[in-house]
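Morning, everyone. I'll walk you through one model today, so have a look at the screen and then we'll go through it piece by piece.

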Amino acid sequence: MRRLGVTLIPALALALALPAAATSAPVRQPDTTPAKPHPFDDDWTEKVLDADQNFRGLEAVSKKEAWVTGESLTDGGPATVFRTTDRGQTWTDVSPDDTAGLSFRDVEVNGKVAHVLAIGPGEASRIYRSTDGGESWTIAFQNEDEAAFYDCMAFYPGGQKGLAVSDPVDGKLRILATDDRGRTWTVLSNAGMPASADEYGFAASGDCLVTAGKAAFLITGGAKSRVLRSDDRGLTWTDVESGIPEGPAAGGFAGAFASPRRGIAVGGDFGEKPVLEDNVAYTRDGRTWTGGITLTHVGEDVTFIRGWKLAVATGDYRGSVGTSLTRDGGATWTRVSDLGYHVVDCVAKVCWAAGSKGRVGRG
């Protein structure tokens with residue numbers, strides 16, 4: 001799916017083994033027990049790194065270290081990578097050379113190895129790799145197929161194996177794989193991928209493709225809004241409707257999993273007027289989904305803070321801005337901030353976020 005500007009960009013993410021339709025969520029009353037503090041309380045801080053950058057890639061490595069990636073708001077401007085190792089007090093520009101016109105939408109860090117995904121048609125889709133904190137980079141993969149358009153990337157625990165996903169090629173989503181810590185990448189056979197013409201990933205936050213244990217999940221939108229699941233490193237996939245309404249610019253945008261059984265998908269509609277109804281779904285078994293849940297803002301990204309109950313979702317698109325918290329694994333949500341971001345990631349109860357006009361936050 002071709003994107004509009006720097007805001008309408010697809011991404012995939014989550015899957016299921018049973019082809020069952022999503023169910024509607026039962027009416028539930030919010031939990032009335034006193035709420036414990038969360039990262040978006042008064043200690044949340046925000047700063048602007050580069051107002052010309054639109055940040056959509058984020059990796060929270062630890063309480064002290066995080067990476068963000070972006071694209072220029074100026075036509076033909078450079079894509080950037082920033083890194084902090086001091087809790088966000090200072091950020092260092094560790095961008096690769098010659099990134100004019102590129103769009104960095106995803107960053108994954110495993111130990112000393114960092115990967116950054118540039119999205120786009122043909123050669124614009126590429127994966128950069130660094131083993132020295134971003135001081136130097138190599139291009140580990142550069143797409144040569146004009147029909148391919150890579151959206152998201154994810155590594156399995158440990159960082160030895162990883163996957164990336166492209167919009168449909170010959171009627172099916174395309175999977176790229178590595179088994180040597182990202183040094184080399186290979187396009188997998190599409191024999192085990194369900195038909196997915198006019199179905200896309202939305203690269204809103206780099207979390208349309210995620211892993212949990214040995215499972216990988218794709219969140220999709222477009223002609224269909226599904227969650228696809230693979231338990232064999234991307235060779236075969238099962239699918240189920242997520243319950244988030246589909247549309248030309250609508251569907252699931254991102255997913256997060258606390259385990260292969262417990263996950264949340266968020267999305268909405270990147271149309272002229274954002275549609276918010278039924279833009280959240282959750283699973284308790286990794287294979288069936290409950291939908292019919294609505295945030296008060298678009299859901300561009302979601303992440304667990306700890307365990308499987310506490311998670312945060314955020315979004316910022318055409319005036320639909322905000323951040324919400326769930327304390328029951330996605331069944332009910334409470335808006336906790338009028339600040340909204342494109343991407344959020346949490347580690348050790350500390351959350352990082354990044355978004356439009358070079359904004360980064362931490363709390």
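**Strands, a pocket and some salt bridges**

Let's start with one pair of residues: Val-302 has Ala-313 of β27 as its bridge partner. Before I go on, do keep in mind that this is a predicted model.

So, the strands around that pair. β26 and strand β27, which covers residues 310-317, run antiparallel and are joined by five bridges. They belong to an open sheet of four strands, ordered β26-β27-β28-β29, with antiparallel pairing. At the edges sit β26 and β29 (334-337), each of which pairs on one side only. On average, and ignoring direction, neighbouring strands in this sheet are turned by 30° against each other.

What follows β27 on the way to β28? The loop between β27 and β28 (320-326) holds Arg-318. Its phi is near 50°, a positive value in a residue that isn't glycine. As a reminder, most residues other than glycine have a negative phi. Arg-318 is partly exposed, at 49% relative accessibility; the cut-off for exposed is over 50%.

There's another one like that. Arg-181, also not a glycine, has a positive phi of about 60°. You'll find Arg-181 in the loop between β14 (172-178) and β15 (186-187). With 22% relative accessibility, Arg-181 counts as partly exposed, since buried means under 20%.

Now over to another sheet. Here four strands form an open sheet in the order β3-β4-β5-β6, and the pairing is antiparallel. The edge strands, pairing on one side only, are β3 and β6 (92-93). Inside that order, strand β4 (residues 66-72) and strand β5 (residues 81-84) run antiparallel, with four bridges between them. To give you one residue pair there, Thr-69 has Val-81 in β5 as its bridge partner.

On to the pocket. Which strands each supply at least two residues to the lining of the largest pocket? They are β3 (53-60), β7 (104-110), β12 (149-155), β17 (209-212), β22 (247-257), β26 (301-306) and β30 (343-347). So two strands we've just met turn up again in that list, β3 and β26. The space in this largest pocket is about 800 Å³, and 38 residues line it. Nearest its centre are Glu-59, Glu-108, Thr-211, Phe-257 and Asp-345. If you sort the lining by class, you get 23 nonpolar, nine polar and six charged residues.

While we're on β12, have a look at Cys-152, which is placed in that strand. Cys-152 is buried, at 0% relative accessibility. Between Cys-152 and Ala-254 there are 9.9 Å in space, C-alpha to C-alpha, while in sequence the two are 102 residues apart.

Last topic, salt bridges. How many turn up in a search of the whole structure? The search finds 12 salt bridges. I'll pick out a few.

Take Arg-359 and Glu-46: they form a salt bridge, and their closest N and O atoms are 3.0 Å apart. Why point at this pair? Arg-359 is in strand β32 (residues 359-362) and Glu-46 is in strand β2 (residues 45-48), so the salt bridge ties together parts that are 313 residues apart in sequence. Is Arg-359 buried or exposed? With 12% relative accessibility, Arg-359 counts as buried, whereas Glu-46 is partly exposed at 36%.

Next, Arg-226 and Asp-239, whose side chains meet in a salt bridge at 2.9 Å, N to O. Arg-226 belongs to strand β20 (residues 226-230) and Asp-239 to strand β21 (residues 238-241), so this pair ties together parts 13 residues apart in sequence. Arg-226 is buried, with a relative accessible area of 5%, and Asp-239 is partly exposed at 22%.

Then there's Arg-229, which forms a salt bridge with Asp-231, with 3.1 Å between the closest N and O atoms. Arg-229 is buried, at 7% relative accessible area, while Asp-231 is partly exposed at 42%. And to come back to Arg-359 and Glu-46, salt bridges with shared partners join Glu-46, Asp-316 and Arg-359 into one network.

That's my tour. Happy to go back to any of these on the screen.

Conventions: Residues numbered from 1 in each chain as written. Predicted model: local features only at pLDDT ≥ 70, side-chain atom pairs only at ≥ 80, totals over all residues. Heavy atoms only, no water. Salt bridge = Lys/Arg side-chain N within 4 Å of Asp/Glu carboxyl O. Buried < 20%, exposed > 50% of the residue type's maximum accessible area, 1.4 Å probe, protein only. 1 Å grid on protein atoms, 1.4 Å probe; cavity = no way out; pocket = protein on both sides within 12 Å on 5 of 7 lines; lining within 4 Å. Points joined across faces, edges and corners; volume = space filled by probe spheres on them. Nonpolar A, V, L, I, M, F, W, Y, C, P; charged D, E, K, R; others polar. Pairing = 2+ DSSP bridges. Axes fitted to C-alpha atoms, helices over the stretch in contact; angles between N-to-C directions.
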